[in-house]
Amino acid sequence: MILKNISLTFIEKFLTSIIGAIVSILFIRYLGPSDYGVFAYLTSLLFLFSLFSYPGLNTILVRELSQGKNIDRYFSSSLYIILPMTILGYLLFLIYGFYIESKVDPIYFLIISTGLFSAIANLFRRKFIAMQEIDVVVKYNLIIFFILNILKIFGIIFSLNFEYFLSVEAILSSFVFIHLYSKTNKIYLKKIKKLYKIVKYLFIESWPMFLTGVMIILYSRIDQFMLFKLSTESEVGFYASSVRLVELFYMFAPIIMTSFFPHISKVYKSDKVKFEFLVKTVTYVFSFFSIFIVVFTIFYAKEIVTFIFGSDFSSSYSTIQVLIFSLVFVFWSSICHKIYIIVKKQKLNFYISAVSLIVNIALNYLLIPKYGAYGAAIATVISYGSYFIIIPFVYESKFILSEIFKSTLLPTVVATISLLLTILFIEDQNILNKILVYVMLFMTISYFALKNINNESYKYLFSIIKTKIIRR
């Protein structure tokens, strides 16, 4: 059952990431920098107002239901928390759109506002997850996903207006809520006095998760909000498209960590030497993967942006060149995040997120007015890097910082050699040919480098690669 659930979840994530990326590229090219900037601003603002939907409660609910608690009573108690909070967020969102925001047509806020109710739909999803009905959730998510993207492609083909794309998101969010509500057999929305203790318990238990969720939401969206306020719609479009491109690679960090995490967690108490060895190995894997992408992107950013998004976005290549460095920090920080959970210092993740958020807001305020999207990219990368300031103060992860620096040397050399050979042999070819040759060169050189270098973690990596090749 567990393997089935993991496989289904991975297939869903992979399909939605790849297909979603392709449709997003077509969508961004169709709207252009200015309109896409407005769209990105509205969706970011919607995401920020979803803070009122009490993020974090879903995780606690799944934990309680998975431990055999009364499904209907706990689920209904969660509704008593999320439903009024969502309505509050909805009303505040409309008030902001109609009475505070002056750069965007208020009707846009009205059209997209029902997207806030997706928080309630997510609560219904969590109920099915807790009941181990992952296949139902995955199947349903994929159906909604494909409907949404088909409607987007339909709008692009027939050159439909901006309001159409806003309404598609909103209508589907409402549909998700109605459909999942209809599939729930029993909902307690009566006799709240009987549910009061459960409501109070869930509220208190989910409070730390709520704070962490607030940090994550603010951190991931505040830059686009500030960019819209301090610069232009086009600059938001340049930045948001750059973020969308870089985020395509973010998904590999949790996939790799999911494979290593259970084993790392298991050996922590029994064998500290092996624990550190496994952490070093994952660090080297992440360094190879991220630096390989960073080096190529820095040099060919303009060609990549023009090929993917079109000539209208070509001026945003400098934003990509800066923002791509965040990939390295995201991968490394995902290791630290898991280690803090293993050593039972989860609060550090919240404190670090808070520090990074403050750094991000301060730098955005200073850099965006002068440099626009480029300034926002610099602020993002520096704020991601600030995650590692606290590492030397955490005993169980002191060794990581030195290993991170060590792990960058070999992949940087290999990536640089691969890039120089690519430039030397096929400089006049199109970007797809350059990517193909670069990947082949990097893999070949890496294979022989790992085979001959005198490093235990690298030798372990090489043995894994060799075993995979032999099995195939």
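1. S356 lies in helix α15 (residues 347-371) of this predicted model, where helices (H or I, at least four residues) and strands (E, at least two) are DSSP runs numbered from the N terminus. With a relative accessibility of 4%, S356 counts as buried; the classes are buried under 20% relative accessible area, exposed over 50% and partly exposed in between, using a 1.4 Å probe and protein chains only. Leaving out residues up to four places away in sequence, S356 touches Y219, S383, S386 and Y387, a contact being heavy atoms within 4.5 Å. The C-alpha atoms of S356 and F388 are 9.9 Å apart, with the two positions 32 residues apart in sequence numbering.

2. Two polar interactions of S356 deserve attention. The side chains of S356 and S386 are joined by a polar contact of 3.3 Å, and a polar side-chain atom of S356 lies 3.3 Å from the backbone oxygen of S383. A polar contact here is a pair of N or O atoms within 3.5 Å; within protein, one must be able to donate a hydrogen and the other to accept it, and residues adjacent in sequence count only if both atoms are side-chain atoms.

3. The partner S386 sits in the loop between α16 (373-385) and α17 (398-426). S386 is buried as well, at 9% relative accessible area. Its contacts, apart from neighbours within four places in sequence, are with S356 and V359.

4. A377 belongs to helix α16 and is buried, with a relative accessible area of 0%. Beyond four places in sequence, A377 touches Y239, T319, V322 and L323. For L323, 54 residues away along the chain, the C-alpha to C-alpha separation from A377 is 5.2 Å.

5. The basis of the model should be stated. Residues are numbered from 1 along each chain as its sequence is written. Because the model is predicted, local features need pLDDT of at least 70 and side-chain atom pairs count only at pLDDT 80 or more, while totals for chains, interfaces and linings use all residues; side-chain values use heavy atoms, with hydrogens and water left out.

6. Confidence varies along the chain. The protein averages a pLDDT of 80, and 79% of the residues score at least 70; pLDDT is the predictor's confidence in each residue, from 0 to 100. Among the elements, helix α13 (residues 317-323) has the highest mean pLDDT, 94, and helix α19 (residues 456-471) the lowest, 55. Over residues 468-472 the pLDDT stays under 50, and the model has 1 contact beyond four places in sequence for this stretch. Where pLDDT is low, the predicted coordinates should not be read in detail.

7. In overall terms, the protein has 19 helices and 0 strands. Of its 472 residues, 48% count as buried. Among contacts with a separation of 6 or more, 81% are between residues 24 or more positions apart. The accessible surface comes to about 23,300 Å², with 68% of it belonging to carbon and sulfur atoms; such areas come from the Shrake-Rupley method with a 1.4 Å probe, and for residues only the protein chains shown count as cover.

8. The count of salt bridges is 2, each defined as a side-chain nitrogen of Lys or Arg within 4 Å of a carboxyl oxygen of Asp or Glu. In one, E101 and K229 meet at 2.7 Å, N to O. E101 lies in the loop between α3 and α4 and K229 in helix α9 (residues 207-230), so this pair ties together parts 128 residues apart in sequence. E101 is buried at 5% relative accessibility, whereas K229 is partly exposed at 34%.

9. The side chains of K434 and E303 also meet in a salt bridge, at 3.1 Å, N to O. K434 is in helix α18 (residues 431-452) and E303 in helix α12 (residues 272-309), so the pair ties together parts that are 131 residues apart in sequence. K434 counts as buried at 2% relative accessibility, and E303 is partly exposed at 31%.

10. A nonpolar surface patch, with about 970 Å² of accessible area together, includes L83, F98 and L110. The elements giving two or more residues to the patch are α3 (71-100) and α4 (106-112), and α3 gives the most, with 9 residues. Patches are made of residues with over 30% relative accessible area and no salt bridge, joining like charges within 9 Å and nonpolar side chains (Val, Leu, Ile, Met, Phe, Trp, Tyr) within 5 Å. F98, in helix α3, is partly exposed at 39% relative accessible area.
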